[in-house]
Amino acid sequence: MNKPVRIAVTGCAGNIGYALLFRIAAGDMLGPDQPVILHLLEVTPALKALEGVSMELRDCAFPLLADIVATDDPAVGFKDADYAILVGARPRGPGMERKDLLEANGAIFTVQGKALNDHASRGVKVLVVGNPANTNALIAMRSAPDLDPRQFTAMMRLDHNRAISQLAAKTGSTVPAIRRMTVWGNHSSTQYPDISHTLVDGRPAPELVDQAWLETDFIPTVQQRGAAIIAARGASSAASAASAAIDHMRTWALGTADGDWVSMGIPSDGSYGIPEGIIYSYPVTCRDGRYEIVQNLPVSAFSRARMDATARELLEEREAVQHLL
Ligand code: NAX
């Protein structure tokens, strides 16, 4: 059995937290040989509910759960963390503009970025789930000057998984038969789910579906899926978001399958003509705990326009939080 690793999760008394923690403790994230110490971080008013979550986690008697640290102090919550999943964020309240949301969350992610900088393991892998995820990740990254920017990522895996599932259903195929899906850009309705390089049972996906379906069905369905879940369930995606967070971290830590890639929000390095200095979703392969952008994919004019539109939105978001960077 390996030495336990420390996994910090924020927002643990919320919806996604409740769907996420039990699966991490069961070994779904890092496998059946990796014990974990869970660091549960919440705001002070939620500490009582957090105590209930800790009690339930203990009651599961998970063999891999070595310990639990529950706290409202980021310095304690991120102490020696090897992984940090930042779920907790301010939801958009009535009458709140996007700018207000960016501002309210900016305050959270500057504090958490600094706490990660000062207290986490030097190799910590950070995933931001709380919205607006890409720009929150940028704020946390800029607040942690002693860590490598590459240690900060934003969650696009839910969008990636949604795209795979839609394409599998359309082509009468199965999820494992779909490889090389890409979602570019921002975790928002400007994201660009792109099947140009996707394979279905080894066949190019663009040969199996028509352009009209892509434009009027697939792309908007994936872009609007979060709103559709809220409309149907009366609450935002929770179990699927938790599952995607586990997939993101497992792939980052343990690697992508040969011949496949995943979508991750990462600091742009200028690849594909996307401006540097935003957290943009790219197709990446992972190996030995590191990711690399898949390079040299041909980009059609149709894709170019959509990749640029979602980059522009991220530049606007960055502009709105410039004073925090
Ligand atoms: P909930 O409101 O159920 O839970 C959020 C929890 O975070 C609350 O318990 C709250 O007390 C806690 N929290 C707030 N500020 C905190 C802080 N500074 N430190 C620690 N904890 C804090 O929301 P939930 O449904 O769990 O969603 C959480 C976030 O995920 C939201 O921002 C949501 O928009 C975002 N999502 C992101 C997705 C993605 O793909 N990137 C998809 C799902 C989800 O919509």
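Buried residues make up 52% of the 325 residues in this chain, and the exercises below work outward from that figure through a model that is predicted.

**Exercise 1. Overall build**

Task: Establish how many helices and strands the chain has, and decide why the chain can be called as compact as a globular protein of its length.

Solution. Begin with the secondary structure, which consists of 10 helices and 14 strands. Next take the radius of gyration, which is 19 Å, and set it beside the 20 Å that the globule rule gives for 325 residues; the two values are close, so the chain is as compact as a globular protein of that length. The C-alpha trace, followed along its principal axes, spans about 50 × 45 × 40 Å. Then turn to the contacts: among those with a separation of 6 or more, 73% are made by residues 24 or more positions apart. Finally, consider the outside of the chain, where the accessible surface comes to about 13,900 Å² and carbon and sulfur atoms contribute 51% of it. As for charge, the chain carries 30 positive and 36 negative charges, and the mean positions of these two sets lie 1 Å apart.

**Exercise 2. A sheet of three strands**

Task: Determine in what order the strands of the open sheet that contains β7 are arranged, and which of them are the edge strands.

Solution. The order is β7-β10-β11, with antiparallel pairing in an open sheet of 3 strands. The edges are β7 (178–179) and β11 (203–204), each of which pairs on one side only. Looking at the pairing in detail, β7 and β10 (residues 199–200) run antiparallel and are joined by 2 bridges, and I178 stands opposite V200 of β10. The loop between β10 and β11 contains D201, a residue that is not a glycine and yet has a positive phi of about 50°. The exposure of D201 follows from its relative accessibility: the value is 58%, and because the cut-off for an exposed residue is over 50%, D201 counts as exposed.

**Exercise 3. Strand β13 and its partners**

Task: Work out which strands pair with β13, and decide why β13 can be described as largely enclosed.

Solution. On the one hand, β13 pairs with strand β12 (residues 262–267) in the antiparallel sense over 6 bridges, and within this pairing G265 stands opposite S281 of β13. On the other hand, β13 is joined to strand β14 (residues 290–293) by 4 bridges, again with antiparallel strands, and C286 has Y291 as its bridge partner in β14. The strand β13 itself covers residues 279–287, and 7 of its 9 residues are buried, so the rest of the structure largely encloses it. In a regular strand, side chains alternate between the two faces of the sheet.

The connections deserve a separate step. The hairpin of β13 and β14 has 2 residues between the strands, and D288 in this hairpin takes a positive phi near 50°. In the loop between β12 and β13 lies Y272, whose phi is also positive, near 60°, although Y272 is a residue other than glycine. With a relative accessibility of 12%, Y272 counts as buried, because the cut-off for that class is under 20%.

**Exercise 4. Two buried helix residues**

Task: For T251 and for G106, find the helix in which each is placed, and name the residues in contact with each beyond its neighbours within four places in sequence.

Solution. T251 belongs to helix α9 (residues 239–254) and is buried at 8% relative accessibility. Apart from those sequence neighbours, T251 is in contact with R157, T256, V262 and C286; of these, C286 was met above as the bridge partner of Y291.

G106 belongs to helix α4 (residues 98–119) and is buried, with a relative accessible area of 0%. With the same sequence neighbours left aside, G106 is in contact with I139 and L324. As a check on scale, G106 and T216 are 110 residues apart in sequence, and their C-alpha atoms are 35 Å apart in space.

**Exercise 5. A cis peptide bond**

Task: Find which residues the cis peptide bond before P132 joins, and where P132 is placed.

Solution. The cis bond joins N131 and P132, with omega about -10°. P132 is placed in the loop between β5 (125–128) and α5 (133–142).

Definitions and conventions: Residues are numbered from 1 along each chain as its sequence is written. This is a predicted model: local features need pLDDT of at least 70, side-chain atom pairs count only at pLDDT 80 or more; totals for chains, interfaces and linings use all residues. Side-chain values use heavy atoms; hydrogens and water are left out. The radius of gyration is taken over C-alpha atoms; the globule rule is 2.2 Å times the number of residues to the power 0.38. Buried means under 20% relative accessible area, exposed over 50%, partly exposed in between (1.4 Å probe, protein chains only). Contact means heavy atoms within 4.5 Å. Accessible areas come from the Shrake-Rupley method with a 1.4 Å probe; for residues, only the protein chains shown count as cover. Lys and Arg count as positive and Asp and Glu as negative; His and the chain ends are not counted. The place of a charge is taken as NZ of Lys, CZ of Arg, CG of Asp or CD of Glu. Two strands pair if DSSP finds at least two bridges between them.
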